Amino acid sequence: MKKQIRDPFLWIFLILLFYPLYPYIGRFTSLGTELLIWFIFTLSFNLCLGYTGLPSFGHGAFYGVGTYAAALTFLHVIRKSGAVWLPLLIGALAGALFAGLLGYGIRKKKGVYFALITIAFTQVLYFVSWRWDEVTGGEAGLKGIVRNNFLGIDIQDPVKYYYFVFALFMLSALVIRRIAHSSFGKSLQAIKQNPIRAEYMGYNIGLYKFAVYAISGLFAGLAGALYCFLTQSAFASVLDWTKSGDVVIATLLGGGSVSFYGPLVGSVIYVMAQELLSGFWSHWVLLYGLSFVIIILVFPNGLLGIFKRK
Amino acid sequence: MLISIISLLLNGIGLGLVYAAVAIGFSLVLGISGVINFSHGVMYAFGAYFFWILNGRIGFWPSLIVTPILVAILGFIIEKLLVRRVYGSDPLFGLLITLGFAMALEEIIRIVFGPAAYSVSAPKFASGIVAIGDFLYPQYRLFIAVLAALILGVVWMIIDRTNFGAIVKAGMFNSEMVGALGNNLPRLRTIVFVLGAGLAGLSGILAAPVWGIKSQMGTLVLMPSFVIVLLGGLGSIPGTIVGGLIVGVSTSLAVLFMPRFVDIIPYVLMGIVIYFKPRGLFGEQNIAE
């Protein structure tokens, strides 16, 4: 019983469960929903970044692909009936597909080259979504998406949607944690620590990289699809590479490189900073950029890294 | 038709040479220090903005000399304060630190200058039209192409013909060894960084009258630099120049033949090149591997 009480998941579950009831911020349900979506995104992204050490700076591509896939599925297949499960599924699978393709293609690249190519990848997708007006709506994006029901349950209401996303988040987090703590996850960490040794021990590094990329792409696509239904639209801006940069910052700031829960901390800071600070000072990005630089210089392992000694 | 092709070709060459001038600094820093310097783009932007301030006051040529020096000083501060601390660690840190700083710097630009775009007019001596028979072309665009080519030529001479250049090339191949052989590696890295910043600032000046000045111009010019470096080969000057020309000309000509894919063409070309030559057209073994 004691072990269960000390499991952070229980506390995360309880805190988030009662979010809509909190004074002041509880009213901003879509903020909470966006936070949950970021949780899903960054937790799975951390499998690539923190666990395997892949400097993927274009992960926003899979999120964006998920958003568009969900939007397009809705607009062309589901239309007004508003059933949400198919777009979500397609979004997640689209994310996994693109991630798998890229992950396979660049599995032999290292460091700088890897990072630059991931950025190039997301930029190409950004331009495609921007220019291919007929399909993606170009700069104006896609609109008119409605979330009516999920297998019969109504999720129109922002609060109900919050709890829907919350349920998906808990599920995803449990799955990702299972993966992270499995022998697969340990192998990923081995690859991060010393890729040459891992290879000599017989691990097929390329396969692992491909696998972790596809898995994180799946959840990234799911997160993107959920975002599509949150905003009931899809815009090319989700594919801009600066978004990918934000994801990396959010994941590492909280301590993703040393802790499973790091991305959660970082996401909270990132989402809250953006929403709350931007209300106070329109140039909040300056503070955000500077504080990020300082934190990374002083605590290279992020905030949770202060507590964990390597 | 032919006239527009030639016109676009010249545009592309000019664009490509300016891009190459920016990319060179980025490539050299990446080659010798292993840092993906995201704040490099902002140096380009500062070049344009400083020039905008000075041009009205002290004239074109003085501004052209002073501005890159100012940007180089800024680069010096950035290197000493920030970038220096991440040498030798995971390249990811350099990327993140410079990214965060670039975000902050761009915001400073927005605070000081506002989000609206500015324009600068071409200097008097080059603001006319060149006419060869029926063919007309803006003087200024020729001017920047020639100037950029000159600058690139000078950089190439320095890297290829001088002792200093030889040490820089060695540093890109194996920086530890260069340090072990008695060269002052940290000072070398600082000099390269400062030079790169100055070059970027100079490119910003050249580009300003043609493409305007806006707060996100730094981030916008960074993408082509990435593509050029990957395409041409890390740390190779001829590679950067060729890469820049390929990117510039393809972007320019694409407007005529496939206007919808203008932005994507450079990436497609890059993808094709690195599929066949993973190190880029002229790339050699370097610190980033």
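Chain B has a mean pLDDT of 88, with 98% of its residues at 70 or more. The structure is a predicted model, and the predictor assigns the complex an ipTM of 0.86 and a pTM of 0.88. This briefing covers confidence, the packing of helix 6 of chain B against helix 5 and helix 8 of chain B, and the surroundings of A:Ile145.

**Confidence**

- For chain A, the mean pLDDT is 86, and 96% of the residues reach 70 or more.
- Within chain A, the lowest confidence falls in helix 1 (residues 2–6), where the mean is 68.
- The highest confidence in chain A belongs to helix 11 (residues 205–231), at 93.
- Where pLDDT is low, predicted coordinates should not be read in detail.

**Helix 5 and helix 6 of chain B**

- The axes of helix 5 (residues 139–161) and helix 6 (residues 163–173) of chain B come within 5 Å and cross at roughly 80°.
- Because angles of 65 to 115 degrees count as roughly perpendicular, helix 5 of chain B is roughly perpendicular to helix 6 of chain B.
- Helix 5 of chain B contributes B:Ile158, B:Ile159, B:Asp160 and B:Arg161 to the contact, while helix 6 of chain B contributes B:Phe164, B:Gly165, B:Val168 and B:Lys169.
- Sorted by class, the residues of this contact between helix 5 and helix 6 of chain B are four nonpolar, one polar and three charged.

**Helix 6 and helix 8 of chain B**

- Helix 6 of chain B also packs with helix 8 (residues 185–211) of chain B, at an angle of about 105° and with the axes 11 Å apart.
- Helix 6 of chain B is therefore roughly perpendicular to helix 8 of chain B.
- On the helix 6 side of chain B, the residues that meet helix 8 are B:Ile167, B:Val168 and B:Gly171; on the helix 8 side they are B:Leu185, B:Leu188 and B:Val192.
- The contact of helix 6 with helix 8 of chain B holds five nonpolar residues, one polar residue and no charged residues.

**Surroundings of A:Ile145**

- A:Ile145 sits in the loop that joins strand 1 (142–143) and strand 2 (149–150) of chain A.
- A:Ile145 counts as buried because 23 C-beta neighbours lie inside 10 Å, against a cut-off of 20 or more.
- Beyond its neighbours within four places in sequence, A:Ile145 is in contact with A:Ala71, A:Phe74, A:Leu75, A:Cys228, A:Phe229, A:Gln232 and A:Ser233.
- One of these partners, A:Gln232, is 87 residues from A:Ile145 in sequence, with a C-alpha to C-alpha separation of 4.7 Å.

Notes: Residues numbered from 1 in each chain as written. Chains lettered and ligands numbered in written order. Predicted model: local features only at pLDDT ≥ 70, side-chain atom pairs only at ≥ 80, totals over all residues. Helix = DSSP H or I, 4+ residues; strand = E, 2+ residues; numbered from the N terminus. Buried ≥ 20, exposed ≤ 12 C-beta atoms within 10 Å, placed from the backbone. Contact = placed C-beta atoms within 7 Å. Axes fitted to C-alpha atoms, helices over the stretch in contact; angles between N-to-C directions. Parallel < 35°, antiparallel > 145°, perpendicular 65-115°, else oblique. Nonpolar A, V, L, I, M, F, W, Y, C, P; charged D, E, K, R; others polar. pLDDT = per-residue confidence, 0-100.
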